[in-house]
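Colleague: Got a minute to walk me through this one? I'd like the overall picture, then some detail on the charged pairs.

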Amino acid sequence: MLQQQATLAQALPQPVEGAIRTRRSRGPPAQGWAMPASMHRQPSWASADQSFNDDDELDSSASQQLSEQAEPDPDISQEGPLVLSTRVEYSALSTGQAQSIFGLVTVQAPDAAATASTPDADEERRPMDIVCVLDVSGSMGSNNKIGDLKEAVRFIIDESQPQDRLSIVTFNSQAQRKLKLRRMDRQGKDEATVVTMRLTASGGTSIAAGLDMGLAVLEKRRQRNKVSAILLLTDGQDHSSRAHLKTLTQRAARAGCGLYAFGFGVDHDADLLREISEQARTPYTFIENTSTVKAAFAGVVGGLSSIVAQRVELTLDCQATLKDVNTPFAVTRQGEKSATVTIPDMFAGERRDVLVELSIPADLQAVSEDGSTVLLRASARYHDLRSSRGVLVQIPAVEMMVQRVDEVQPEMEPDVEVSDQRDRVQVTRVLEQAAQCSDAGQFEQAQQLIREQRSKVSKRLSPVAEALNLELEDAEGRMRSRSSWQVGAAEVKDAFQMHKMQRCTNTFASASSAVTKKSKAMYMNSTQAAWTSKSSRG
């Protein structure tokens, strides 16, 4: 096999396409670029003039399906894979008293849909457009990083189906598109493998240049698979790219592609990558051991292969005042009692829990048929990706209700799921706040925040509370001193971004952890597990 690949490498010319250097050049801003008033020239890496409309054509049946559903309104149905439910913190409230209460609105995708998307399954899944944006700066040449990266990319190539398309963009102090968006048929896989084998490490680091070019590949493609994503991997520091993150992540959203950031080793800029992930609304993955990057890539692509819904719009119509909507996703408020939450996509088996806080007036009169008081009505619509044709699913409204009683029983316990999600939201916030304190060298303050939250979470007996308590314990150990934080910062930032998004890419444990954490198992679906398992056998 290696001999065959070496022959291919010798036979094909080195593909060098449009290098984009980081030296500034004078010229008009790239289309869509939100230029600060203080800047009068665009970054020289901006790819507005690059001709990337040379993507391989989709197969004839897929092309026909896409052309048929590009313009017409999709079919509308009330049948789809997602399930919408509500829960309230307490099932009964006192009559005639104004009070605040938490409620939970959950969107759930069944895990059974993922069984058709395992790497070994014969059934077809939704085809994907994947762009690997890879750091090939000089530091990637140490500790076999570039070798482990090649293995990870080759796994993605090998597991791709003919209808999938893959592009490879590399960056150091400049960006190059090494492989156009190619179908992964036999010829495409051969070319992608050759390009991957030829990757070498040298130069500096410009993450913005790499992201810009990766986005341009997807923005300028002539045809589109419905599932598309950028996998960004870097091991370096880049202080020049942060100013451009908002524009770049906004472009990703407009292009309808997920953006997944992977950080290699303890020396990479964890804050920068987590900020990218925050704006892209995806998890950030810390690769502590470079040999595990293949499993992390497999976890993301496995999850993408299981997507069952896109553009989920969750509408909340409240009878009471909607005080707060706890979610990392975009929220559009319509007055004091209504809001819409937009969730980009959902993997099979995933859930998205939106924790709401309601202010209940004493005289609330909204009553259902059984005499309960209606607090909220939740409905949702989304695009069902299980169908070859576009189907817009509308989930009818479900109600969040409580009983009004003269006197609430003092021993009444709060709902377990609502309590679990309150803990998740609070732990995520505390981890983020403590990480900010640690970044500023305020380790005593960081540990105090962690200890106070642990004292609350440890009082509850539930699997979620146990996992969150272990997460806090691990973070506390990493915030003891500057030296421990230098090693542990990326792991903590990976953790709170994972809890915030309710999505992760892997289940491998940190070698530097003093505790055995259980959080990742809360968010991995069966398809991701199958892909990561296969990656470890390769």
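**Charged pairs and a small sheet**

Modeller: Let's begin with Asp-420, which counts as buried at 8% relative accessibility. Keep in mind that this is a predicted model.

Colleague: Which residue does Asp-420 meet in a salt bridge?

Modeller: Arg-460; the side chains of the two come to 2.9 Å, N to O. Arg-460 is partly exposed, with a relative accessible area of 22%.

Colleague: And where do Asp-420 and Arg-460 lie?

Modeller: Asp-420 is in helix 9, while Arg-460 is in the loop between helix 10 (443-457) and helix 11 (463-478), so this salt bridge ties together parts that are 40 residues apart in sequence.

Colleague: OK, zoom out. How many helices and strands does the protein chain have?

Modeller: The secondary structure comes to 13 helices and 18 strands. Of the 538 residues in the protein chain, 55% are buried.

Colleague: What about the exposed area of the protein chain, and what do carbon and sulfur atoms supply?

Modeller: The chain exposes about 23000 Å², with carbon and sulfur atoms supplying 46% of that.

Colleague: And contacts: what share join residues at least 24 apart, among those at least 6 apart in sequence?

Modeller: That share is 76%.

Colleague: Now the sheet. In what order do the 4 strands of the open sheet come?

Modeller: The order is 3-5-16-13, and the pairing is antiparallel. Strand 3 (83-88) and strand 13 (321-326) are at the edges with a single partner strand each, so one side of each has no neighbour in the sheet. From one strand to the next, the twist averages 25°.

Colleague: How many bridges join strand 13 to strand 16?

Modeller: There are 5, with strand 16 covering residues 351-360. To pick out one pairing, Leu-322 has Leu-358 in strand 16 as its bridge partner.

Colleague: Which helix packs on the sheet?

Modeller: Helix 9 (residues 416-439), the one that holds Asp-420. Helix 9 touches strand 3, strand 5 (99-108), strand 13 and strand 16, and its direction makes about 95° with that of strand 16.

Colleague: Back to salt bridges, then. How many does the structure hold?

Modeller: It holds 43. One of them brings the side chains of Asp-415 and Arg-87 to 2.9 Å, N to O. Asp-415 sits in the loop between strand 18 (391-405) and helix 9, and Arg-87 in strand 3, so that edge strand of the sheet is involved. The two residues are 328 apart along the chain.

Colleague: Are Asp-415 and Arg-87 buried or partly exposed?

Modeller: Asp-415 is buried, with a relative accessible area of 17%. Arg-87, at 34%, counts as partly exposed because the buried class stops at 20%.

Colleague: Which residue does Asp-55 form a salt bridge with?

Modeller: That's Arg-222, with the closest N and O atoms 3.5 Å apart. Asp-55 is in the loop between strand 1 (17-21) and helix 2 (60-69), whereas Arg-222 is in the loop between helix 5 (207-219) and strand 9 (227-234), 167 residues apart. Asp-55 is buried, at a relative accessible area of 2%.

Colleague: Which residues do salt bridges with shared partners join into one network?

Modeller: Asp-55, Asp-129, Arg-165, Arg-221 and Arg-222.

Colleague: Last one. What joins the side chains of Arg-177 and Asp-54?

Modeller: A polar contact of 2.7 Å. Arg-177 is in strand 8 (residues 174-183), and it is buried, with a relative accessible area of 3%.

Terms used. Residues are numbered from 1 along each chain as its sequence is written. This is a predicted model: local features need pLDDT of at least 70, side-chain atom pairs count only at pLDDT 80 or more; totals for chains, interfaces and linings use all residues. Side-chain values use heavy atoms; hydrogens and water are left out. Two strands pair if DSSP finds at least two bridges between them. Axes are lines fitted to C-alpha atoms, for helices over the stretch in contact, and angles run from 0 to 180 degrees between N-to-C directions. Contact means heavy atoms within 4.5 Å. A salt bridge is a side-chain nitrogen of Lys or Arg within 4 Å of a carboxyl oxygen of Asp or Glu. Buried means under 20% relative accessible area, exposed over 50%, partly exposed in between (1.4 Å probe, protein chains only). Accessible areas come from the Shrake-Rupley method with a 1.4 Å probe; for residues, only the protein chains shown count as cover. A polar contact is a pair of N or O atoms within 3.5 Å; within protein, one must be able to donate a hydrogen and the other to accept it, and residues adjacent in sequence count only if both atoms are side-chain atoms.
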